[in-house]
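Student: I would like to go through this structure with you. Could we begin with its surface?
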Amino acid sequence: MKLNAFEKIIRKVVREEIDYALRREIALLKEELNSQPTQRVIETKQDPIYDVNPQEAEDFRAKLKEQMPPPNFNTGNNTLNSLLSETALAPTAEQTFAANDPVNQLINKDYSQLMNAIDKKKDYRP
């Protein structure tokens, strides 16, 4: 028997064995998935992140700023040091944007009705 013919036979047998093993594993995985109960994620409108009083949050930030030492950058480059210091002392996003800013209103808009409509359309089967 020639080497090429032997090689082809081995390749064919290996392919068949791999195909058989993959089909068996896929069937086991499908059976496992079908046996598990489906889990759904339910969103609630009350999120503890947004239940914080703004005055309490501002007081907490002020206490943190008092406790933190001022940033000290010593890179050896005066220009880089000044840029890093300026960036560290920059105002936060909440301080920069006003509450009536259109971008802020768009970001903080309640999209729950839109998401419910999308979910209903996704589950709809004619």
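Student: Which residues form a nonpolar patch on the surface?
Tutor: In this predicted model, the nonpolar patch consists of Leu3, Phe6, Ile10, Val14, Ile18, Leu22 and Ile26, with about 660 Å² of accessible area together. Patch residues have over 30% relative accessible area and no salt bridge (a side-chain nitrogen of Lys or Arg within 4 Å of a carboxyl oxygen of Asp or Glu); nonpolar side chains are joined within 5 Å. Areas come from the Shrake-Rupley method with a 1.4 Å probe.

Student: Where does Phe6 lie?
Tutor: Phe6 is in helix α1, residues 3-35. Helices are DSSP runs (H or I, at least four residues), numbered from the N terminus.

Student: Is Phe6 buried or exposed?
Tutor: Phe6 is partly exposed, at a relative accessible area of 43%. Buried means under 20%, exposed over 50%, and partly exposed in between.

Student: And how much of the protein is buried?
Tutor: Buried residues account for 3% of the 126 residues. The accessible surface is about 12900 Å², 57% of it from carbon and sulfur atoms.

Student: What about Ser112, buried or exposed?
Tutor: Ser112 is buried, with a relative accessible area of 19%. Ser112 belongs to helix α6, residues 112-123, and its side chain makes a polar contact of 3.1 Å with that of Asp110. Such a contact pairs N or O atoms within 3.5 Å, one able to donate a hydrogen and the other to accept it.

Student: How many helices does the protein have?
Tutor: The protein has 6 helices and 0 strands.

Student: Which conventions apply?
Tutor: Residues are numbered from 1 along each chain as its sequence is written, and side-chain values use heavy atoms, leaving out hydrogens and water. Local features need pLDDT of at least 70 and side-chain atom pairs 80 or more, while totals for chains, interfaces and linings use all residues.

Conventions. Helix = DSSP H or I, 4+ residues; strand = E, 2+ residues; numbered from the N terminus. Buried < 20%, exposed > 50% of the residue type's maximum accessible area, 1.4 Å probe, protein only. Patch = residues over 30% accessible without salt bridge, like charges linked within 9 Å, V, L, I, M, F, W, Y side chains within 5 Å.
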